[in-house]
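Dear colleague,

I am passing on the structure below, and after it you will find an account of what turned up when I went through it. Please read the two side by side.

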Amino acid sequence: MSWDFFLGLFPQLVDSFWITLSLWLLSSSIGLLVATCIAVMSVSKQLPIRWIALGFITTIRGTPLLVQIYILYYGVGNLIAQVPGIRSSFMWPILRDGYWYALLALIISSAAYSGEILRGAIMNVPKGEIEAAKSLGLSTAHMWRLIILPRAYRIGLPSLGGESIILLKATVLASTITVMDLLGMANYIRMQTFKIYEPLLAVAIVYVLLTFILTRGVALLERRYQY
Amino acid sequence: MSDSGGTGFLALVMFSDQGWGGPLLRGAVVTLEISLCSYLFGALLGLLGAWAKLSGSRLTWWVAEVYTTIVRAIPALLLVILLFYTGTTLLNEAIAWFGWRGVVNLSGFAAVVFSLGFIKGAYMTEVFRGAIVAVPEGVGEAAQALALPPILRFRLITFPLMLRVALPGMGNLWQSALKDSSLVSVVGFTELLAVGKIAASQTKYYLGFFCTTALIFLALAIISNWAFSLVGRRLNRGFA
């Protein structure tokens, strides 16, 4: 292994680093929003609503993310491509780009896994606090916004942090649908230079550093919001 | 182009001559095989890792700590690609390191099981470590007082008690082993997802075949979930 070649790889990874980071940031933040809706739906008293939420969680958590990405990119993408005139529309550059399909798949996945965590957290909110809120005459919406959800986020924080780290590692699957994220770039360099180890090792190092920083961040958050 | 009605697709997923039902089913069997083998290999590594972390020796603790930290920080797909291509080399170097001679050539199946199992082992280590720690100290001391040799002590006392605590974690790891097995389709190994991909691109029913693949994975997940809950009920008998 030549060190000059190895160290020279890192500057080439900068662009793809931002793609990985944006995939992760967007999917974990939007995913958390959707997860909150799913979790609230999953404890609803209306059975059909609850079934929809639970069915969503079970289906997404029971199938590989890679299959979900293929369903969206090849399956749905193929249907979209058949819409007459779509190729000449201004939306085509977006509809053709694997990035958006990967992002959507990651959001859905994050929503299901975090939704399940939040569902458990909501059910663990102490009954007394909800009764107290009711006795103060808070409306249902207020009770959710001021009492139940803030408490649920705190209860779920350690698991949500772990989920977020898992999501960061899941972003590499975007490389299978032509996205030039870190792994996509490593594969590209691999094909160009016929060197297997170096590009993959370089990217592995980046992930180890990223995960390390993220783990620290989550630990910090936990200490800050611990009871 | 591809989609005009359901009947055309239905004929293609059935078990006729030109139907993909047979290949998909065989792919599902391969998926189960690699999941199961890598899971067992991972469990073996996990026991070894848990022992290394709890043996009290600084050296083995460090080796296990580096293994679990690094493997759990790197995305599974990256590791699968890395280990799939380097598995044979790594294994031969390990063999040479132990002073044995001879060259081992991993088959595709073995390389896949090795790479998936190597990843699972790191997660297994943490599950087993936590479970062993949760076994009450007095029980181990009682076994020691009976002068049971260490191996018997582990097999008869620690292991069954630990299994009860480890089971939920092991169930989760089995679910992820099932799903992670689909990653090896990226390095060109033919399991369920790879078959689905071939079927999709040959028939142009992309949505249909990938959804079918997803449904088979979902069925496997639900069935094994149920099996784990049965085992859990059995291991938990006698405990409140």
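Leaving aside its neighbours within four places in sequence, B:V112 touches four residues, namely B:I34, B:F84, B:V184 and B:F189. Please keep in mind throughout that this is a predicted model. B:V112 belongs to helix α5 of chain B, and its relative accessible area of 0% places B:V112 among the buried residues. A further residue to look at here is B:V80, which stands 32 residues from B:V112 in sequence, while the two C-alpha atoms are 7.7 Å apart in space.

The same helix leads on to the second largest pocket, since α5 (108-134) of chain B is one of the elements that supply at least two residues each to its lining. The others in that group are α2 (21-54), α3 (58-73) and α4 (76-97) of chain B, together with α10 (197-225) of chain A, and so both chains take part in the lining. The volume of this second largest pocket comes to about 1,200 Å³, and 34 residues line it, with B:L45, B:Y67, B:A94, B:F114 and B:F118 lying nearest its centre. The largest contribution to the lining is that of α4(B), which gives 11 residues. If you intend to look at the chemical character of the lining, its make-up by class is 29 nonpolar, 4 polar and 1 charged residues.

Turning to the charged side chains, the count over all chains is 6 salt bridges. In chain A, the side chains of A:E116 and A:R119 form one of them, with an N to O distance of 3.4 Å. Both residues sit in helix α6 (residues 98-123) of chain A, where a separation of 3 residues corresponds to about one turn of the helix. A:E116 itself is partly exposed, its relative accessible area being 23%.

A second salt bridge in chain A joins the side chains of A:R151 and A:E129 at 2.8 Å, N to O. Because A:R151 lies in helix α8 (residues 140-170) and A:E129 in helix α7 (residues 127-135), both of chain A, this pair ties together parts that are 22 residues apart in sequence. A:R151 counts as buried, at 17% relative accessibility, whereas A:E129 is partly exposed, with a relative accessible area of 28%.

In chain B, a salt bridge of 3.2 Å, N to O, is found between the side chains of B:K120 and B:D180. This pair links distant parts of the chain, with B:K120 in helix α5 of chain B and B:D180 in helix α7 (residues 150-180) of chain B, 60 residues apart. Which of these two partners is buried, and which is partly exposed? B:K120 counts as buried, at 3% relative accessibility, while B:D180 is partly exposed at 22%. Also in chain B, salt bridges that share partners join B:K53, B:E65, B:E126 and B:R129 into one network.

How many salt bridges are found across the interface of chain B and chain A? The rule finds 0 there, although 30 residues of chain B are in contact with 34 residues of chain A. The area buried between the two chains is about 2,900 Å², and carbon and sulfur atoms give 79% of that area. On the side of chain B, the three residues B:L78, B:K179 and B:L207 supply 18% of the area that the chain buries against chain A, which is more than any other three residues supply.

One contact between the chains can be followed from A:N187, a residue of helix α9 (residues 182-193) of chain A. Not counting residues up to four places away in sequence, A:N187 touches A:S175, A:L200 and B:I81. With a relative accessible area of 16%, A:N187 is buried.

Finally, some figures for chain A as a whole. The chain has 10 helices and 0 strands, and its C-alpha atoms fill a box of roughly 70 × 50 × 30 Å along the principal axes. Of the 227 residues in chain A, buried residues make up 48%. Among contacts in chain A between residues at least 6 apart in sequence, 78% join residues that are at least 24 apart.

With best wishes

How values were computed: Residues numbered from 1 in each chain as written. Chains lettered and ligands numbered in written order. Predicted model: local features only at pLDDT ≥ 70, side-chain atom pairs only at ≥ 80, totals over all residues. Heavy atoms only, no water. 1 Å grid on protein atoms, 1.4 Å probe; cavity = no way out; pocket = protein on both sides within 12 Å on 5 of 7 lines; lining within 4 Å. Points joined across faces, edges and corners; volume = space filled by probe spheres on them. Helix = DSSP H or I, 4+ residues; strand = E, 2+ residues; numbered from the N terminus. Nonpolar A, V, L, I, M, F, W, Y, C, P; charged D, E, K, R; others polar. Salt bridge = Lys/Arg side-chain N within 4 Å of Asp/Glu carboxyl O. Buried < 20%, exposed > 50% of the residue type's maximum accessible area, 1.4 Å probe, protein only. Contact = heavy atoms within 4.5 Å. Buried area = accessible area lost by both parts, 1.4 Å probe.
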